[in-house]
Amino acid sequence: MWTEVAKTDDIVTGGIKYVRAGEDDREICICEYDGSYYAVSRRCGHENAPLSEGALEGWIITCPLHNAQFDIRDGKNLSWPIDHDMGPEEDIPEPVRRWFKFEHRLQWKTRVHDLHTYPCRVRDGSIELDV
């Protein structure tokens, strides 16, 4: 069943809008790319971070936590997590370095799932989803 979730004016060009839709109140990102709108699950397929807080560059949405990337057109995973640059290793206390090495190993053992996508259409300036 198609449900209005936003107005086209609610999303800037190349932007992301977080909405909740459906009977089970699903968390969804509406993304604008090249004049079209796409809807993907809001939670990253790696460690469940909120993609609405990430970046959208063209049709690629990047997770704010570990930089995993996904195609908003079909939800496919495009890259594994990328470590953040923490600066020179000698500036990081030893216990923190050990934690980051442990976390890095866990990240690479955690599968990155594709995102769920939702049919999206525009009618009279309203963005509708079939959830």
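How exposed is Arg-26, in terms of relative accessibility? Select Arg-26 in your viewer: at 31% relative accessibility, this residue counts as partly exposed. Here buried means under 20% relative accessible area, exposed means over 50%, and partly exposed is what lies in between (1.4 Å probe, protein chains only).

Before we move on, a word about what you are looking at. This is a predicted model, in which local features need pLDDT of at least 70 and side-chain atom pairs count only at pLDDT 80 or more, while totals for chains, interfaces and linings use all residues. Residues are numbered from 1 along each chain as its sequence is written, and side-chain values use heavy atoms, with hydrogens and water left out.

**The whole chain**

Zoom out and show the cartoon. You should find 1 helix and 11 strands, arranged from the N terminus as β-β-β-β-β-β-β-β-α-β-β-β. Helices (H or I, at least four residues) and strands (E, at least two) are DSSP runs, numbered from the N terminus. The C-alpha trace spans about 60 × 25 × 20 Å along its principal axes. Of the 131 residues, 34% count as buried.

Now switch on the surface. The protein exposes about 7900 Å², with carbon and sulfur atoms supplying 47% of that area; accessible areas come from the Shrake-Rupley method with a 1.4 Å probe, and for residues only the protein chains shown count as cover.

**Salt bridges**

The structure holds 10 salt bridges, each being a side-chain nitrogen of Lys or Arg within 4 Å of a carboxyl oxygen of Asp or Glu. Go back to Arg-26 and add Asp-24: their side chains meet in a salt bridge of 3.1 Å, N to O.

Next, select Arg-43 and Glu-27, whose side chains form a salt bridge of 2.9 Å, N to O. This pair links distant parts of the chain, 16 residues apart: Arg-43 sits in the loop between β4 (36-41) and β5 (55-57), and Glu-27 in strand β3 (residues 26-33). Arg-43 is partly exposed, with a relative accessible area of 31%. Add Arg-20, Asp-25 and Arg-42 to your selection, and you have the network that salt bridges with shared partners build together with Glu-27 and Arg-43.

Then travel to Lys-7 and Glu-4. The closest N and O atoms of this salt bridge are 3.2 Å apart. Lys-7 is partly exposed at 38% relative accessible area, and Glu-4 is partly exposed too, at 43%.

**Around Glu-128**

Is Glu-128 buried or exposed? Select this residue in strand β11 (residues 126-130): at 13% relative accessibility, Glu-128 counts as buried. Leaving aside neighbours within four places in sequence, Glu-128 is in contact (heavy atoms within 4.5 Å) with residues including Trp-2, Thr-3, Glu-4 and Pro-119. Show Arg-121 as well, since a polar contact of 2.7 Å joins its side chain to that of Glu-128. A polar contact is a pair of N or O atoms within 3.5 Å; within protein, one must be able to donate a hydrogen and the other to accept it, and residues adjacent in sequence count only if both atoms are side-chain atoms.

**Two loop residues to finish**

Most residues other than glycine have a negative phi. Select Asn-67, in the loop between β6 (60-62) and β7 (69-71), where phi is positive at about 65°. Lastly, pick Asp-124 in the loop between β10 (120-123) and β11. Its phi is near 50°, again a positive value, and Asp-124 counts as exposed at 82% relative accessibility.
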